[in-house]
Amino acid sequence: MEPLWIGGPPGSGKSTIARRLARRHGLRWYNADAHTWEHRDRALAAGHPGAIRWEALAPADRWTLPVEEMLALSLHKERGPMVADDVRALPPDPLTVVEGTTVTPAIAGRHALWILPTAALQEARLDERGMSGGRRELYIHLARVIELAVVAAGAPTLIMDGTATIDEAVADVERHFADLLTAGPVAASSAERRDLLRYANQAVVAQYTGYFARPWTSGDLAGSTAAFMCECGSPDCDVQLTLPVTALPDSPLLAPNHPLPDLAPSHPPTPNHPAEIRIPEKD
């Protein structure tokens with residue numbers, strides 16, 4: 001079964017929407033951002049000059065380049081086919097929702113949607129994230145590049161101007177994918193759903209591990225925290241827990257008072273590490 005594809009620039013809300021779709025409908029969530037360093041390693045192994053130059057630059061210098069050069073070194077075009085390769089290697093059951101900036105009309109299948117924020121909304125969201133300098137310039141430029149490609153392809157879009165709530169946006173996306181969500185194979189049991197949540201949480205660990213493997217990084221993996229999804233398996237749960245990246249337990253990660261209705265008593269969940277409960281953001 002073909003996956004669902006959700007594209008859009010940074011600040012569009014696509015990650016929050018994809019995460020909620022996955023949790024609510026029992027889908028596998030493939031977040032392209034979580035595979036950034038894996039993809040960069042592939043490009044380095046292939047001798048890609050842009051990947052090699054980007055790694056050789058000092059981190060601060062990367063964001064002082066002309067915006068077109070920053071875009072080229074981001075491997076935006078090159079990573080799209082890598083995403084497609086990753087998705088083809090995933091099990092066909094249950095459905096996968098593929099989400100990321102690198103999802104373009106060139107790689108997406110028939111079931112696709114691009115979430116495009118207005119310029120004002122993207123600026124506001126970048127402000128909320130404290131985004132400035134070259135990184136901000138790149139993200140704004142990337143929004144224009146993505147929009148031009150989507151319009152040229154005549155691909156379906158959902159325009160976000162900040163007036164709709166995240167729940168309303170999710171409902172719009174559900175309507176767009178209604179036929180596939182109804183007919184496609186989804187995770188039926190809580191145990192299957194928990195496996196999918198674990199897959200997404202492990203991708204976060206891999207993302208941080210890949211980043212701190214670079215010789216130019218500062219800080220360390222053990223001192224980093226990240227947002228992980230509660231693995232209770234309930235379709236209505238959207239709790240995220242912030243904890244050290246290295247502290248993801250082997251047993252299901254649970255928010256307080258979130259039960260595991262079909263977990264055998266002989267395999268109790270690992271007590272959660274002290275964690276900050278994160279209220280889902282209003283993207």
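**Entry 1: a cut-off before I start**

I call a residue buried when its relative accessible area is under 20%, and exposed when that area is over 50%. I'm working on a predicted model here. My first lookup was glutamine 122, which comes out at 3% and is therefore buried. Glutamine 122 sits in helix H7, residues 119-128. What does glutamine 122 touch, once its neighbours within four places in sequence are left aside? I found Pro9, Pro10, Pro117, Tyr139, Ile140 and Ala143.

**Entry 2: stepping back to the whole chain**

I counted 11 helices and eight strands in the protein chain. The radius of gyration is 19 Å, close to the 19 Å that the globule rule gives for 283 residues, so the chain is as compact as a globular protein of that length. I also noted the box that the C-alpha atoms fill, roughly 60 × 45 × 35 Å along the principal axes.

How much of the chain is buried? I get 49% of the 283 residues. For contacts between residues at least 6 apart in sequence, I see that 72% join residues at least 24 apart. The chain exposes about 13300 Å², and carbon and sulfur atoms supply 56% of that.

Then I checked charges. There are 26 positive and 35 negative side chains. The centres of the two sets lie 1 Å apart.

**Entry 3: strand S2 and its partner**

I went to strand S2, residues 28-31, to see which way the side chains go. Arg28 and Tyr30 point one way, while Trp29 and Asn31 point the other way. Buried or exposed, I wondered about these four? All are buried.

S2 is joined to strand S3, residues 96-100, by four bridges, and the two run parallel. Following one residue across, I found asparagine 31 opposite glutamate 99 in S3.

**Entry 4: the loop ahead of S3**

Next I looked at leucine 90, in the loop between helix H6 (76-88) and S3. Its relative accessibility is 18%, so leucine 90 counts as buried, given that the cut-off is under 20%. Leaving out residues up to four places away in sequence, leucine 90 touches Arg28, Tyr30, Thr96 and Tyr199. Two of those names were already in my S2 notes: Arg28 and Tyr30.

I also checked a distance. Leucine 90 and glycine 50 are 40 residues apart along the chain, and their C-alpha atoms are separated by 28 Å.

Proline 94 is in the loop between H6 and S3 too. The peptide bond leading from aspartate 93 to proline 94 is cis, with omega near 5°. I wrote that one down because most peptide bonds are trans.

**Entry 5: two positive phi values**

I looked at phi next, because most residues other than glycine have a negative one. Leucine 75 has a phi near 60°, which is positive. Leucine 75 lies in the loop between helix H5 (67-73) and H6, and it is buried at 0% relative accessibility.

Asparagine 257 also has a positive phi, about 65°, and is not a glycine. I located asparagine 257 in the loop between strand S7 (240-244) and strand S8 (276-278). Buried or exposed, then, is asparagine 257? It counts as exposed, at 78% relative accessibility.

**Entry 6: histidine 76**

Moving into helix H6, I stopped at histidine 76. With a relative accessible area of 10%, histidine 76 is buried. Which residues does histidine 76 contact, neighbours within four places in sequence aside? I listed Leu71, Thr101, Thr102, Thr104, Leu142 and Ile146.

**Entry 7: strands S6 and S7**

I then turned to S7 and asked how many of its five residues are buried. The count is four of the five, so S7 is largely enclosed by the rest of the structure. S7 is joined to strand S6, residues 225-229, by five bridges, and this pair runs antiparallel. For alanine 226, the bridge partner in S7 is leucine 243.

**Entry 8: one last residue**

I finished with glutamine 202, in helix H11, residues 190-212. Glutamine 202 is partly exposed, at 43% relative accessible area. From C-alpha to C-alpha, glutamine 202 and alanine 255 are 17 Å apart in space, with their places 53 residues apart in sequence as the separation.

Definitions and conventions: Residues are numbered from 1 along each chain as its sequence is written. This is a predicted model: local features need pLDDT of at least 70, side-chain atom pairs count only at pLDDT 80 or more; totals for chains, interfaces and linings use all residues. Side-chain values use heavy atoms; hydrogens and water are left out. The radius of gyration is taken over C-alpha atoms; the globule rule is 2.2 Å times the number of residues to the power 0.38. Buried means under 20% relative accessible area, exposed over 50%, partly exposed in between (1.4 Å probe, protein chains only). Contact means heavy atoms within 4.5 Å. Accessible areas come from the Shrake-Rupley method with a 1.4 Å probe; for residues, only the protein chains shown count as cover. Lys and Arg count as positive and Asp and Glu as negative; His and the chain ends are not counted. The place of a charge is taken as NZ of Lys, CZ of Arg, CG of Asp or CD of Glu. Two strands pair if DSSP finds at least two bridges between them.
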